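Please explain how this protein model is put together, going from its sheets to its metal site and its internal spaces.

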Amino acid sequence: MKIKIFDTTLRDGEQAPGFTMHPKEKLDIALKLESMKADAIEAGFPASSKADFLSVKEISENIKYSSVAALARSTTSDIDCAWEAVKDAKFPIIHTFIATSPIHLKYKLKMTEDEVLDSIAFHVKYAKSKCPFLKYAFEDATRTPKEFLLKAIKTAVKAGADCINIADTVGYSTPKETSELISLIKSEVDVKISVHCHNDLGLATANTLAAIEAGANEFDCSIIGLGERAGNASLEEVVMAIKTRYPQFELSTETKQIYSASKLVSSIVGIKLPPFKTIVGSNAFAHEAGIHQHGVLENRATYELMNPDDIGIPQNKLLLGKHSGKHAFLELIGEMGYSLTDEETAFYFEKFKELAERKKIVTRRDIDALLINLSRHAIKRTYTLTDYEIMSYKNQATAEITLSSGDKQHVEKMSGDGPVDAAFKAINSLTGQNFVLHDYSIHSVTEGKDALGEATVKLALNDKIMTGKGISTDVLEASIIAYLNAVNKLISDGGDL
Ligand code: MN
């Protein structure tokens, strides 16, 4: 049986606190999901902001393989807005929802059960009059009395819903309960069933698998499990669990893209995955204990459940140096799954040469770090770093920063408590904006004393927060680039993010 993936990284994931993405970054993620052959991409919640509306519209116009879904509450204005945003998609979906649990009815909706049923019937018909495919979700379904939930489902199906979505909104359910609930629904109603499981008790993947075993046709998921609170069922976990343990189910996912997709998303939202993260963490396929190493050398299957190649994990072998030519570079990036235009090849080959000058050995992980920020839809770079000079002595530092903007150069010198503080102050002064630093971190991308450093900043301007990244063998340079990256995102976005 075919099981469909409905990815919500760009909707449930992006709406979680601190994970706001620039519209161009959302488009990059959507294209990545399409290249992974995700069946459906939930691109956003158009009624929530103008920026989200425009972003869903842009994704709808660019995605051809996957369906594109827009979320809407059960109101005519939300549905109109969702339809306007997805109507140009090749396969548009409106995803409408209403809460069904007693606590949501009483405190949030302030509606009776009958009013909820009327709203379902009306809004399913309304949405279906516009969009050929309607997915209707029951929020907090797992805390809803079964009798009322079944009534609500039957109402939606009768009114024309093409798929129903059983949401475990607060991560309350257990695998056994999920399985029983899906079996009950299947025995009463003939409709495609999707599940939306949250991970508050660490059960999202287990509940999703239980639902699939019981006959669910589709599951909501997100890359690295990004989502509200403890997140959603993670795409990589559910996909690899199905591939590894459930040969009876078919998925169209290209698993070799999983690793690069998780890198892309974690890089965009500015989080470093814990080493023990399932499937894609840096330790997921590392073996240190002697007895394990011995086993793996004899036969990988002794301690490895999955093959790292199936997930697209680059092996950290010694590969290129400063004498490597363009041919070797192209062959390697091709092998790693990247395809570049001639212009990009010239640009990244130059970057590679610069790196090889600073770092004797360039590994696949270094190349990954360079290319992960490759955006097909470059965010307008209003300011670029031309030069910097930093002096630091104990707790005092001065930074002289030169930025170019168009064909003009601007120089500013500021002092601060430390070199990074001084540099960031100089950039604020140069741009004339009071950017506020919310978070700043540095970590090494690869091993060794000449490792690449990656800086991440979360920067705010008037309630908008954006993540900026910078990579260099010099951590100060990485920090300045990261800050400018966030500055450029904040000032290039016209919408009310
Ligand atoms: Mn959710």
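A pocket, as the word is used here, is an open set of grid points with protein on both sides within 12 Å along at least five of seven lines, and its lining residues have an atom within 4 Å of a point. The model in which such spaces are sought is a predicted one. By this definition, the second largest pocket has 38 lining residues and a volume of about 900 Å³. Nearest its centre lie Tyr 259, Lys 263, Ser 282, Arg 365 and Val 445. Two helices, H11 (258–269) and H16 (364–371), and three strands, E14 (436–444), E15 (453–461) and E16 (464–472), each supply at least two residues of this lining. The most comes from H11, with five residues.

The three strands just named also form a sheet of their own. This sheet is open, with the order E14-E15-E16 and antiparallel pairing. E14 and E16 are the edge strands, each pairing on one side only. From one strand to the next the twist averages 15 degrees. E14 and E15 run antiparallel and are joined by eight bridges; Leu 437 stands opposite Leu 459 in E15. Across E14, E15 and E16 lies helix H18 (residues 475–492), running at about 145 degrees to E16.

One residue in a helix can be followed in more detail. Asn 428 belongs to helix H17 (residues 419–431). Is Asn 428 buried or exposed? With a relative accessible area of 15%, Asn 428 counts as buried, because the cut-off for that class is under 20%. Apart from neighbours within four places in sequence, Asn 428 is in contact with Gln 433, Asn 434, Phe 435 and Tyr 483.

The other sheet to consider is a closed barrel. Eight strands form this barrel in the order E1-E2-E3-E4-E5-E6-E7-E8, and their pairing is parallel. The twist from one strand to the next averages 25 degrees. Strand E1 (residues 4–7) pairs with strand E2 (residues 40–44) in the parallel sense over two bridges, and Asp 7 has Ile 41 in E2 as its bridge partner. Helix H9 (residues 204–213) packs on the sheet and touches strand E6 (163–168), E7 and strand E8 (218–221). The direction of H9 makes about 170 degrees with that of E7.

A manganese ion takes its protein donors from Asp 12 (OD), His 196 (NE2) and His 198 (NE2), which lie 2.0 to 2.3 Å from the ion. Along the chain these donors follow the spacing D-x183-H-x1-H. Asp 12 lies in helix H1 (residues 9–13) and His 196 in strand E7 (residues 192–197), so this pair ties together parts that are 184 residues apart in sequence. Both Asp 12 and His 196 are buried.

How many cavities of 30 Å³ or more does a search of the whole structure find? The search finds one. The largest cavity holds about 50 Å³ of space. Its lining consists of Thr 142, Ile 166, Asp 168, Thr 178, Leu 181, Ile 182, Val 195, Cys 197 and Asn 207. E6, helix H8 (175–188) and E7 are the elements that give two or more residues to this lining. H8 gives the most, with three residues. E7 therefore appears in two settings: this strand contains His 196, a donor that is tied to Asp 12, and E7 also contributes to the lining of the largest cavity.

Key:
Residues are numbered from 1 along each chain as its sequence is written. This is a predicted model: local features need pLDDT of at least 70, side-chain atom pairs count only at pLDDT 80 or more; totals for chains, interfaces and linings use all residues. Side-chain values use heavy atoms; hydrogens and water are left out. Donors are N, O and S atoms within 2.8 Å of the metal (3.2 Å for Na, K and Ca); water is not among the atoms, so sites may look incomplete. Helices (H or I, at least four residues) and strands (E, at least two) are DSSP runs, numbered from the N terminus. Buried means under 20% relative accessible area, exposed over 50%, partly exposed in between (1.4 Å probe, protein chains only). Two strands pair if DSSP finds at least two bridges between them. Axes are lines fitted to C-alpha atoms, for helices over the stretch in contact, and angles run from 0 to 180 degrees between N-to-C directions. Contact means heavy atoms within 4.5 Å. On a 1 Å grid over the protein atoms alone, a cavity is a set of points where a 1.4 Å probe fits but cannot get out, and a pocket is an open set with protein on both sides within 12 Å along at least five of seven lines; lining residues have an atom within 4 Å of a point. Grid points are joined across faces, edges and corners, and a volume is the space filled by probe spheres set on the points.
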